[in-house]
Number of protein chains: 4
Amino acid sequence: MAAPISNLTLRELLAAGPFHAFLGMELLDYDPAAGTVAIRLPWRPEFERLPDSRQWHGGPIAALIDIAGDFALVALLGRGIPTINLRIDYLRPAIETDLWAIGRTLRAGRSVGVVDVEVKDGAGRGSYATLPST
Amino acid sequence: MAAPISNLTLRELLAAGPFHAFLGMELLDYDPAAGTVAIRLPWRPEFERLPDSRQWHGGPIAALIDIAGDFALVALLGRGIPTINLRIDYLRPAIETDLWAIGRTLRAGRSVGVVDVEVKDGAGRGSYATLPST
Amino acid sequence: MAAPISNLTLRELLAAGPFHAFLGMELLDYDPAAGTVAIRLPWRPEFERLPDSRQWHGGPIAALIDIAGDFALVALLGRGIPTINLRIDYLRPAIETDLWAIGRTLRAGRSVGVVDVEVKDGAGRGSYATLPST
Amino acid sequence: MAAPISNLTLRELLAAGPFHAFLGMELLDYDPAAGTVAIRLPWRPEFERLPDSRQWHGGPIAALIDIAGDFALVALLGRGIPTINLRIDYLRPAIETDLWAIGRTLRAGRSVGVVDVEVKDGAGRGSYATLPST
């Protein structure tokens, strides 16, 4: 296993890459022993669904859920983890306000990890490929 | 049922709203009788996963799948349709190039529609709420 | 809404029908106000995956998750509710022993309900059609 | 990789184990090079949803989808493959008649395989753990 990922490194990873930079997520908290993470996604005008709707489009919500699930395992395993698959449930329209997501690792196996993600007005579950690339 | 949505209207809906404008999707084709749609998502630098990786981040792919599934039902039913849930399988890393998605309606019931979406290097299926709002 | 379903009626529904009778589930607890339910599925030899493996086949586990999700909404809404779709995550092989499932309603909307299900060595989430048939 | 699984062996595997024996599936066809399989599940009275409904319970349909997805990869890879997760969409009530399922491999990677399953009145997709156990 790689060296544990520090607070600084996890924040850096969350900011790394052009799409993450576009989203603008903030690491609120994480627990590397439990494989949990809390991430905030502040509202920005490009996230709006329809003009003057003040509702979030589902796209940034899905991305937040995917990333929160992924980073729960990144915090636990100390390295990058690709997403295998994802289920997103949109429970209610999310109105313009910051979103947060809590990711909780259900399992971190040799080749597959599973994470539950709770988000305001939605819910998700993802599977991620934990096998180190060779 | 609302009046059928014209080619013009479907293109307009696909461009409407700030998040759609950010994505920049193009309607390639659609069949209102069958409930199918083909949409292209041209590459833009903000979609990159990691700097210089030339790989798509999963977020825009998930959004494309959601929207292609949704618009297959919009073409068929002639009105806006909210997403209930979404299942995404990432099959391979998608390298910098334009993406396309084909959405095919499997079922358009009284309260639920189901659409299969094929996308380069991925696959998705979504359920959508077809009950007209009152 | 139909009249609330009584403890007796919920037990009767859980026993009704040939497939439920084959499974042999037991209602442990339920809360009609919260839309939660706890169900036990005692081991029977027909559930075994491979001869002498003493492991559960995934089929009865999937059925238990589906039914626990469904009955959380049945308890809440007081009538039968068809399943729209289901995701099952098998977290670990389940060894011969009674299984239990806890279903917790996340949302009970006009046309769709969503329930999270926790089960020994697995997890599930289902969407169910809450629109009364006419 | 293990030696290719013969027609005889695949039929034997499909009959092996108490739960498979209860279901009573029949191998109709398979293609080990493409990773496809066709399986029939004949009706039996224990599969009925409600007395005199003549409708299939979702449980045996979910099990058929899981097994058809699994055996598409078993045919391709020549060894047993555990299920990671499973997504089931129930499109219409299935009335008393034999069911069949077609499983088509979308991807067979080093640690994860993905299979699309088509079934009368439903659809499914499963992820399976392809990493050989050590």
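Three exercises on a predicted model follow, each with a worked solution.

**Exercise 1. Sheet order and edges**

Task: Trace the open sheet formed by twelve strands, and explain why one side of each edge strand is left without a neighbour.

Solution:
- Start in chain C. The order runs β1(C)-β2(C)-β4(C)-β5(C)-β6(C)-β3(C).
- Continue into chain D. From β3(C) the sheet passes to β3(D), then β6(D)-β5(D)-β4(D)-β2(D)-β1(D).
- Assign the sense. The pairing is antiparallel.
- Find the edges. β1 (26-31) of chain C and β1 (26-31) of chain D stand there, each with a single partner strand, so one side of each has no neighbour in the sheet.
- Add the twist. Neighbouring strands are turned by 15° against each other on average, direction ignored.

**Exercise 2. The chain D edge and the helices**

Task: Work out how β1(D) pairs with β2 (residues 36-41) of chain D, then place helix α3 of each chain on the sheet.

Solution:
- Take the strand pair. β1(D) and β2(D) are antiparallel, with five bridges.
- Pick a residue. Asp31(D) lies opposite Thr36(D) of β2(D).
- Place α3 (58-77) of chain D. This helix touches β1, β2, β3, β4, β5 and β6 of chain D, together with β3 of chain C. Its direction makes about 45° with that of β4(D).
- Place α3 (58-77) of chain C. This helix lies across β1 to β6 of chain C together with β3 (83-90) of chain D, at about 45° to β4(C).

**Exercise 3. The contact of chains A and D**

Task: How many residues does each chain give, and which classes occur on the chain A side?

Solution:
- Count. Chain A gives seven residues and chain D gives seven.
- Locate. β3 (83-90) and β6 (122-129) of chain A each supply at least two residues of the chain A side.
- Classify. That side has four nonpolar, three polar and no charged residues.

Technical notes:
Residues are numbered from 1 along each chain as its sequence is written. Chains are lettered from A and ligands numbered from 1 in the order in which they are written. This is a predicted model: local features need pLDDT of at least 70, side-chain atom pairs count only at pLDDT 80 or more; totals for chains, interfaces and linings use all residues. Two strands pair if DSSP finds at least two bridges between them. Helices (H or I, at least four residues) and strands (E, at least two) are DSSP runs, numbered from the N terminus. Axes are lines fitted to C-alpha atoms, for helices over the stretch in contact, and angles run from 0 to 180 degrees between N-to-C directions. Two residues are in contact if their C-beta atoms, placed from the backbone, lie within 7 Å. Ala, Val, Leu, Ile, Met, Phe, Trp, Tyr, Cys and Pro count as nonpolar, Asp, Glu, Lys and Arg as charged, and the others, Gly among them, as polar.
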